[in-house]
Amino acid sequence: QVQLVESGGGLVQAGGSLRLSCAASGRTFSYYTMAWFRQVPGKEREFVAANSRFDASAYYASSVTGRFTLSRDNAKNTLYLQMNSLKPEDTAVYSCAAESIKNYYTPEYRYWGQGTEVTVSS
């Protein structure tokens, strides 16, 4: 059983930065694949970034590659998403997910946080 709590969202101007946090509790943090997804009302949930529990490497959606950076602090059981050079199209509710059921880039995960809202103004 895992519980996830996101934080760090807010309002930022285009070109600015935000750092999202996902605090996890329950089973050993490093055991699970961890990921960030985002969603805008009326649109499908979109993959953003993920860490593999097998090779500890990071994977990013093409739309955020070079701008977003995923990291994790196992001692704090926290996953981070550093978002730089933000664009209005990045506006969405960002959710943390753990334990991929299918593929890391699809939204079939066992555990989800409540989400944190990111708004990027032009």
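This tour proceeds through a predicted model stop by stop, from a sheet to a core, a salt-bridge network and two loop residues. Residues are numbered from 1 along each chain as its sequence is written. Local features need pLDDT of at least 70 and side-chain atom pairs count only at pLDDT 80 or more, while totals for chains, interfaces and linings use all residues; side-chain values use heavy atoms, with hydrogens and water left out.

**Stop 1: the four-stranded sheet**

Select β1, β3, β7 and β8; strands here are DSSP runs (E, at least two residues), numbered from the N terminus. These four strands form an open sheet in the order β1-β3-β8-β7, with antiparallel pairing (two strands pair if DSSP finds at least two bridges between them). β1 (2–7) and β7 (68–73) are at the edges with a single partner strand each, so one side of each has no neighbour in the sheet. On average, neighbouring strands of this sheet are turned by 15° against each other, direction ignored; the axes are lines fitted to C-alpha atoms, and angles run from 0 to 180 degrees between N-to-C directions.

Next, restrict the view to β1 and β3, which are joined in the antiparallel sense over six bridges. Leu 4 has Ala 24, in β3, as its bridge partner.

**Stop 2: the nonpolar core**

Keep Leu 4 selected and add Trp 36, Leu 81, Met 83 and Tyr 94: these residues have the most contacts inside the largest nonpolar core, which has 33 residues. Such a core is a set of buried Ala, Val, Leu, Ile, Met, Phe, Trp, Tyr and Cys residues joined through side-chain atoms within 4.5 Å. Buried means under 20% relative accessible area, exposed over 50%, and partly exposed in between (1.4 Å probe, protein chains only). Strand β9 (residues 92–100) supplies the largest share of this core, five residues.

Centre on Met 83 and display its contacts (heavy atoms within 4.5 Å). Leaving aside residues up to four places away in sequence, its partners include Leu 18, Leu 20, Phe 68, Tyr 94 and Val 118. Arg 67 is also one of the residues that Met 83 touches, and it leads to the next stop.

**Stop 3: the salt-bridge network**

Select Arg 38, Glu 46, Arg 67 and Asp 90, which are linked in a network of salt bridges. A salt bridge is a side-chain nitrogen of Lys or Arg within 4 Å of a carboxyl oxygen of Asp or Glu, and the structure holds three.

- Arg 38 and Glu 46 meet at 2.9 Å, N to O. Arg 38 is buried at 6% relative accessibility, whereas Glu 46 is partly exposed at 33%.
- Asp 90 and Arg 38 also meet at 2.9 Å, N to O. Asp 90 lies in the loop between β8 (78–83) and β9 and Arg 38 in strand β4, so this pair ties together parts 52 residues apart in sequence.
- Arg 67 and Asp 90 have their closest N and O atoms 2.8 Å apart. Arg 67 is in the loop between β6 (58–60) and β7, so its pairing with Asp 90, in the loop between β8 and β9, ties together parts 23 residues apart in sequence. Arg 67 is buried at 10% relative accessibility, and Asp 90 is buried at 1%.

**Stop 4: two loop residues**

Select Thr 33, in the loop between β3 (18–26) and β4 (34–39). Thr 33 is buried, with a relative accessible area of 9%. Beyond residues up to four places away in sequence, it touches residues including Asn 51, Arg 53, Glu 99, Tyr 104 and Tyr 109.

Finally, select Pro 41, in the loop between β4 and β5 (46–51). Pro 41 is exposed, at 77% relative accessibility. A distance label from Pro 41 to Tyr 105 spans 20 Å, C-alpha to C-alpha, with the two residues 64 apart in sequence.
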